[in-house]
Amino acid sequence: MTTLFCRLAAHRRTAHVTIRDGARLVGRGGRFLTAHTAANSRSQSTQAADRAEVDLKRLEGEDEGIVEVMMCRHKARNALGHVFVSQMKELVSTLSRDSAVRVVIFRSLVPGVFCAGADLKERALMNNTESDLFVHGLRSLMTQIASLPTPTIAAMDGTALGGGLELALACDLRTAAYSAQMGLIETTRGLLPGAGGSQRLPRMVGITLAKELIFTGRRLGGETALEMGLVNRAVQQNQTGDAAYGEALSLAREILPQAPIAVRMAKEAMNRGIEVDISSAMAIERMCYARVIPTRDRQEGMAAFIEKRPPRYTGE
């Protein structure tokens, strides 16, 4: 069976999951498995060869537990088309069930672009009903990303407009190059943010500033986004064009040593608590805390503190 992967920066051995038109390939050390028969795979290989738009990379060694979701729709600047969205949904669903994942980084392999937003060429061919259903699917994808149990980081080394920024907003944390351009520009196209942007942006930067940004369709650079609190870290772009990714990887490495169950419960407590009144939020915190108490990781954390040594968390 012939396969085509997105070109990767091979800085360490990796394991891959590639979604192609419903065919899920899982590989480690060059070996691949598929749920389809060989005949089906051969018949699909020609169609799939040009359509690998999302790939996945599992880091190993000291970085084991960090997973990179790599967007690689080069010809369309990672525009959110049917195939791209379908592949991303399947991949995110896979990650949501994988307890070995501790941090997820969303990045682009397309130079100068994180995600250009909606695929307007596809959208132009849709009628009103089809357009509504497709945007509903986009909204569902962003909710799926936001619901991942592990911390997620968007590394914006280039343009993130409309749905591209909405994808980044669905992540827990964001890094950006100073040169990256981002904005919810839908009002300049006769639309409004429809994949969660009108709700997530106000929760991050405040309702007044969010209204200004959405009403005007303004584009921001990474440095301005940092000042607004839209991104967590912003850096000068480097010669290889991946400074924001480097910063995201550094941030992921800070999260990685921490107790994974505690980190997941902290995320759940914050994400659920921010949507309710303070009394209800305290009840949510108590519930999440109760789920951490019986874990081996909590016992390990206490023992490591008493013995004055680094903890060795296993996620149990």
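**Notebook: salt bridges and helix H12**

I started with Arg253 and Asp63, whose side chains form a salt bridge at 2.8 Å, N to O. This pair joins distant stretches of the chain: Arg253 sits in helix H9 (residues 243-255) and Asp63 in the loop between E4 and strand E5 (66-71), 190 residues apart. Worth keeping in mind that I'm working from a predicted model.

I checked burial for both partners. Arg253 is partly exposed, with 38% relative accessible area. Asp63 comes out at 6%, so I put it down as buried, the cut-off being under 20%.

Next I looked up Arg58 and Asp98, and their side chains also meet in a salt bridge, 2.8 Å from N to O. Arg58 is in strand E4 (residues 54-58) and Asp98 is in the loop between helix H2 (82-96) and strand E6 (103-108), so this pair ties together parts 40 residues apart in sequence. Arg58 is buried at 16% relative accessibility, and Asp98 is buried at 18%.

Searching the whole structure, I got 15 salt bridges.

Then I moved to H12. Its 12 residues (296-307) should span 16 Å at 1.5 Å a residue, and the end C-alpha atoms are indeed 16 Å apart. I found Asp297, Glu300, Gly301 and Ala304 buried there. Down the helix axis they fall within an arc of 100°, so they line one face of H12. That fits the general rule: an α-helix has 3.6 residues a turn, so residues three or four places apart point the same way. The buried residues of H12 pack against helix H10 (260-273).

Glu300 also pairs with Arg309 in a salt bridge, 2.6 Å from N to O. Just after H12, Lys308 has a positive phi of about 55°.

Technical notes
Residues numbered from 1 in each chain as written. Predicted model: local features only at pLDDT ≥ 70, side-chain atom pairs only at ≥ 80, totals over all residues. Heavy atoms only, no water. Helix = DSSP H or I, 4+ residues; strand = E, 2+ residues; numbered from the N terminus. Expected span 1.5 Å × (residues − 1). Buried < 20%, exposed > 50% of the residue type's maximum accessible area, 1.4 Å probe, protein only. Arc of directions from axis to C-beta. Contact = heavy atoms within 4.5 Å. Salt bridge = Lys/Arg side-chain N within 4 Å of Asp/Glu carboxyl O.
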